[in-house]
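Open the structure in a viewer and keep a selection tool at hand. The stops below say what to select and what is found there.

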Amino acid sequence: MANTQAMCTSFKQELLTGHHAFGTTVTRGATTADSFKAALYLATATYNASTTAYSTTGEVSGTNYTAGGVTISAWNAPTTSGTTAFTTPTASFAWTNVTLATAFDAVLVYNSTQANRAVSVHTFGSQTVTAGNFTLTMPTNDATNALIRIA
Amino acid sequence: MNDTPLIYTSKGNLPIDSLRYETFWDIGATYYKLVERYYVGDEVVRESAHVYSLQGLGATGEQGSII
């Protein structure tokens, strides 16, 4: 047998379940899962890896769109396959009977329980919606395609 | 009684048979998008879009060495 240098796979999963608190203080004491939301942003906005939190700057607006976006109902329990930990929302994001006349192309997933901290930005090609529906269907929840993966 | 099927548009509820319906596909590297449009003449009165995300985002964990 030999030792192999690696980041432990269980650690990656435990990041997704809030088990580890590095630093000198613990910033959270909750024992229940956080609530997450998904907000849409204009194609002219600037949301990327450096985004730290939800903001109304650049967010879409229009009939039947509520600022802050939609609540993500649930996530698949974080799990691992091989050396990858992953999770995906269990349902599509949907906005119904909306009118979003200015082109948008991104959705921000953020933690509305933890000061609206940003999770991820996903882009999908510029789009407008007129008195219609906009849906984002989630990818397959596996180690290759899941919405959030830590390899 | 014969009901006329209506659909909600920017001009209110209109008979669906009076509208021209078209679909478009946008194939991206990480998504497929279906766009549906209803027209009155050349005017789009209802547009919906449905995105199927093929793949989410991955982050790679790295560990350093103790020298």
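Select B:Val44 in this predicted model. Is B:Val44 buried or partly exposed? Its relative accessibility is 26%, and since buried would require under 20% and exposed over 50%, B:Val44 counts as partly exposed. The residue belongs to strand S5 of chain B, which spans residues 43-53. Now show its surroundings, skipping neighbours within four places in sequence: B:Val44 is in contact with B:Ser10, B:Arg37, B:Tyr38 and B:Tyr39, and also with A:Thr130 of the other chain. Add B:Leu19 and draw a C-alpha to C-alpha distance: B:Val44 and B:Leu19 are 25 residues apart in sequence and 9.6 Å apart in space.

Next, take B:Tyr38, one of the contacts of B:Val44. B:Tyr38 lies in S4(B), opposite B:Tyr21. Extend the selection to strand S3 (residues 20-27) and strand S4 (residues 31-40) of chain B; they run antiparallel and are joined by eight bridges. Three residues separate S3(B) from S4(B), and the two strands form a hairpin. Strands of a sheet pair through backbone hydrogen bonds, so the backbone is what to display here.

Keep B:Tyr38 selected and add B:Ile7, B:Leu14 and B:Val45. These are among the five residues of a second, separate nonpolar core.

Now colour the whole of chain B by secondary structure. How many helices and strands are there in chain B? The chain has zero helices and six strands, in the order β-β-β-β-β-β from the N terminus on. For 67 residues the globule rule gives 11 Å, but the radius of gyration of chain B is 22 Å, well over that figure, so the chain is more spread out than a compact globule. Along the principal axes, the C-alpha atoms of chain B fill a box of roughly 85 × 25 × 15 Å. Of the 67 residues, 28% count as buried. Among contacts in chain B with a separation of 6 or more, 16% are between residues 24 or more positions apart. Chain B exposes about 4600 Å², of which carbon and sulfur atoms supply 52%.

Move to chain A and select A:Trp95. Which residues does A:Trp95 touch, leaving out those up to four places away in sequence? The list is A:Ala38, A:Leu40, A:Tyr65, A:Gly69, A:Val70, A:Val107, A:Gly132, A:Asn133, A:Phe134 and A:Leu136. A:Trp95 is also among the residues with the most contacts inside the largest nonpolar core, alongside A:Leu40, A:Phe93, A:Phe124, A:Phe134 and A:Leu136. That core has 34 residues. Elements giving two or more residues to the core are strands S1 (36-42), S2 (70-72), S5 (93-111) and S6 (117-137) of chain A, together with S4 and S5 of chain B. S5(A) supplies the largest share, 10 residues.

The last stop is a sheet that draws on both chains. Select its four strands in the order S3(A)-S4(A)-S7(A)-S6(B); the sheet is open and its pairing is mixed. Its edge strands, each pairing on one side only, are S3 (79-81) of chain A and S6 (57-59) of chain B. On average, neighbouring strands here are turned by 25° against each other, direction ignored. Helix H1 (residues 9-16) of chain A packs on the sheet and touches S3, S4 and S7 (148-150) of chain A. The direction of H1 makes about 20° with that of S4(A). To finish, zoom in on S3(A) and S4 (residues 84-87) of chain A, which run antiparallel and are joined by three bridges. Within this pair, A:Ser81 stands opposite A:Thr84.

How values were computed:
Residues numbered from 1 in each chain as written. Chains lettered and ligands numbered in written order. Predicted model: local features only at pLDDT ≥ 70, side-chain atom pairs only at ≥ 80, totals over all residues. Heavy atoms only, no water. Pairing = 2+ DSSP bridges. Axes fitted to C-alpha atoms, helices over the stretch in contact; angles between N-to-C directions. Contact = heavy atoms within 4.5 Å. Rg over C-alpha atoms; globule rule 2.2 N^0.38 Å. Buried < 20%, exposed > 50% of the residue type's maximum accessible area, 1.4 Å probe, protein only. Areas by Shrake-Rupley, 256 points an atom, 1.4 Å probe, with all protein chains shown as cover. Core = buried A, V, L, I, M, F, W, Y, C linked by side-chain atoms within 4.5 Å.
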